[in-house]
Amino acid sequence: MSIMKDRMLLIIFAAFVLAAPLIFAPTGAAYPDLLQRFAIYGIFAIGFNILFGLTGYLSFGHAAFLGVGSYAAVWMFKLLSMNIIPALILSVIIAGVFSLLIGYISLRRSGIYFSILTLAFAQMSYNLAYSVLTPLTNGETGLQLRLDDARILDTSLAAGELPSTNLFGLPMKEVFWNPTILGYELQFNWGYYVCALLLILSFWISIRIFRSPFGLMLRAIKTNQTRLNYTGISTRPYTLAAFVISGMFAGLAGGLLASMDPLAGAERMQWTVGGEVVLMVVLGGMGTLIGPILGAVFIKYFENIFSKINEGVLHGWVAFLPEWLDNIFVTIVSPFVGKGWHLTLGALFMIVVIFLPGGLVDGAKRIGRGITGANRREAKAGKK
Amino acid sequence: MDAILLQVLNGLDKGSAYALIALGLTLIFGTLGVVNFAHGALFMLGAFCAVTFSKILAISKVVIDPEKTDFLGNPAKIKTPYVEEWFGSFGTFLIDFAVPVSLIAAVPVMILIGIALERGLIKHFYNRPHADQILVTFGLAIVLQEVIKAFFGANPIPQSAPDVFMGSLDIGAMVGFAENAIIYPYWRLVYFFFSLAVISAVFAFLRFTTFGMVVRAGMADRETVGLLGINIDKKFTIMFGIAAAVAGTAGVMYTPINPPNYHMGMDFLVLSFVVVVVGGMGSLPGAVAAGFLLGILESFASMPLIKDAISAIGLPSIDQIIIYLVAVVVLLVRPRGLMGKAGMMED
């Protein structure tokens, strides 16, 4: 039963992801760059959810793995080939090793100490990338491709032109199909579909982990770690495994970011980026399968669309109102949109944490139950 | 020798800021058991109290002088701040001393903000997991800094120290080194002594007043104090207000050293957490000691001599990450921190 359900979920999810350029068209978000961001941060959030959602260990340091993944991928582009496969593989491996190191130390402590330790590590990695390891990371300029890079596998490149990232010759930036459907001009590009396939794969892995005995163990750690310890089970290997898995997901996301746009900067490692993925997972619904992706899409959508709403747009919306009412509306709303969208995000996040700890998914479920009347039925059943 | 003294002095002002913020964090942590990610934001709010105060003082009456013209040929506007007009030379003094005087306004404002936060928000999170407390205060920090950004803009707003403290003190000459070997700005010295005063005031308050005694008892065993018929929640709320005020005053006095901007709180927050962890969760003397220690250590690591020595053995300069390295080593070797109790907040 449950297996069938999961399979259905996966199929629906895959169909939705593959049709995303069409589905998002009416919302104004259906351009490749933003769609890729949805998918990449979706992967990042899925990975983070495996750690935070299942074990309850709140890490603020996952930006470091994202950044490490990006750096590894760009180095691969510089040294080996513009094909994204080796770059992605290396970024996952490097991020895995890095997270093993950081996880091994941070997981010696739990609770708040763990959060603070990961926070310190994230900031340390940021400082390392920003200044200390400049030969490796190119400091504040960020790591970029150059004409005289080695690229030993790519021999037949046109001279004097920076090559673009590709998958066995399919350039990531190329729009391969550009139809007009229902009046919307759609863009289907290779880059998004690479991200989409990896997102579906990540989602599948996440389902498998959720349903596995390993996932059950992780949930047990969240519920009561002390009891596990008393039963004679050492929880460290499990938490460390979860930490490394989520680190590898973050590395994959970082590698994908670099594959879509081959540069890597230290600002990707700042702990506030790690805070953003926390926002995504909590907003969407931690510990749920689909929640993290919802949260990632939600935040990235707001970041790119909401932040473009300025006073002129607002006036346009309420043009039918009398002018004084119009002005009042715009004065009240404008601090919350445009450049102030972070304020909305922060406030929304607080509201979710305070009133809806299960996130948007939980909210949707509650609304759904309210409509179908399941609550009342359950209450009745409880009375009997 | 003089170089070493100079580095110690250089580390003091940053160390003072770390110590003050970490002290407030530990106070909140020790009393309410809440990790306050918004504490950096409180530091920032304090700094912007000073900004607001000096802006209010600088509100001026504009008189157009028809006889003089400015460089564009328009009639010159002569601005006289109202305080100066009303109080004469005392007004001038007020404007000059805007930063320290704004402490008078900042302390009650910060205490009120602290109490409002505790009663309005954090109170509801005592029975929720620590992760939720971290999340909600993190969200609060974002909201606070975005509100400040909406009002004051994203650029740093420089504040000046009073004219009396503008120069530098030649400490080297005073203690027998060559002249100009150790020069230290007056205001940083003021900041150091100010932080010492605040820290000792907090310690004295906890040590020598009945209120402080009850709070310490509550920190040790909240339930028993409650059973004795003392309303410990009320006292802890006030302690939250005091902790907010400590962070706020630290922010006020820091404005001449570093022009305040809306994200200064987040920048200090991470380091203050590291300080608290190194000092030992819940230990007030530990937080203060670790604050100064790490501040001084940071300035030593950025010393040219040491930088050269490190690069000589083939390592990159570590002044940017020394604090984090120390934190990692301390946590591995002595997990409870320098002065912490074992098993604190380990669930």
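1. Let me start with one residue in chain B. Leaving out residues up to four places away in sequence, B:F125 touches B:V34, B:D132, B:Q133 and B:V136. B:F125 sits in the loop between helix 5 (98–120) and helix 6 (130–152) of chain B. Is B:F125 buried or exposed? Neither, quite: B:F125 counts as partly exposed, because there are 19 C-beta neighbours inside 10 Å and the buried class needs 20 or more. As for B:M44, the two residues are 81 apart in sequence, and their C-alpha atoms are 23 Å apart in space.

2. A word on confidence before going further, as this is a predicted model. The scores are ipTM 0.83 and pTM 0.86. Chain A has an average pLDDT of 84, with 94% of the residues scoring at least 70. For chain B the mean is 82, and 88% of the residues reach 70 or more.

3. Which elements of chain A have the lowest and the highest mean pLDDT? Helix 18 (residues 374–383) of chain A has the lowest, at 59, and helix 11 (residues 236–260) of chain A the highest, at 93. In chain B, the lowest mean belongs to helix 7 (residues 171–174), at 68, and the highest to helix 11 of chain B, at 90. Where pLDDT is low, the predicted coordinates should not be read in detail.

4. Now the chain–chain contact. Here 36 residues of chain A are in contact with 34 residues of chain B. On the chain A side, the elements giving two or more residues are helix 6 (111–132), helix 12 (271–284) and helix 16 (341–355) of chain A. Helix 6 of chain A gives the most, with 14 residues. By class, the chain A side that touches chain B has 22 nonpolar, twelve polar and two charged residues.

5. Helix 12 of chain A, one of those interface elements, also has a partner within its own chain. Helix 12 and helix 13 (residues 291–304) of chain A pack with their axes 7 Å apart, at an angle of about 120°. That angle makes helix 12 of chain A oblique to helix 13 of chain A. The crossing of helix 12 and helix 13 of chain A is right-handed. Helix 12 of chain A brings A:E276, A:L279, A:M280, A:V281, A:L283 and A:G284 to this contact, and the residues they meet in helix 13 of chain A include A:P292, A:I293, A:L294 and A:F298. The contact of helix 12 with helix 13 of chain A comes to ten nonpolar, three polar and one charged residues.

6. Another pair in chain A to look at is helix 3 (residues 32–55) with helix 8 (residues 190–211): their axes come within 9 Å and cross at roughly 20°. Helix 3 and helix 8 of chain A are therefore roughly parallel to each other. Helix 3 of chain A passes helix 8 of chain A in a left-handed crossing. Among the residues that meet are A:L35, A:I43, A:I46 and A:I50 in helix 3 of chain A and A:Y192, A:L198, A:L199 and A:F203 in helix 8 of chain A. The contact of helix 3 with helix 8 of chain A has 14 nonpolar, five polar and no charged residues.

7. A:P262 is worth a click. A:P262 is found in the loop between helix 11 and strand 8 (263–264) of chain A. Why is A:P262 classed as buried? Because 24 other C-beta atoms lie within 10 Å of A:P262, against a cut-off of 20 or more. Setting aside neighbours within four places in sequence, A:P262 is in contact with A:V74, A:F77, A:L145 and A:T165. A:M82 is 180 residues away along the chain, yet the C-alpha atoms of A:P262 and A:M82 are separated by 9.5 Å.

8. Back to chain B for the overall picture. Chain B has 15 helices and four strands. Of its 347 residues, 46% are buried. Of the contacts in chain B with a separation of 6 or more, 75% link residues 24 or more positions apart.

9. Last, a helix pair in chain B. The axes of helix 1 (residues 2–32) and helix 11 (residues 232–254) of chain B come within 9 Å and cross at roughly 170°. That makes helix 1 of chain B roughly antiparallel to helix 11 of chain B. Among the residues in contact are B:L20, B:L23 and B:L27 of helix 1 of chain B and B:F236, B:M239 and B:F240 of helix 11 of chain B. The tally for the contact of helix 1 with helix 11 of chain B is 17 nonpolar, two polar and no charged residues.

Terms used. Residues numbered from 1 in each chain as written. Chains lettered and ligands numbered in written order. Predicted model: local features only at pLDDT ≥ 70, side-chain atom pairs only at ≥ 80, totals over all residues. Contact = placed C-beta atoms within 7 Å. Nonpolar A, V, L, I, M, F, W, Y, C, P; charged D, E, K, R; others polar. pLDDT = per-residue confidence, 0-100. Axes fitted to C-alpha atoms, helices over the stretch in contact; angles between N-to-C directions. Parallel < 35°, antiparallel > 145°, perpendicular 65-115°, else oblique. Left-handed = near helix turned anticlockwise from the far one by under 90°. Buried ≥ 20, exposed ≤ 12 C-beta atoms within 10 Å, placed from the backbone.
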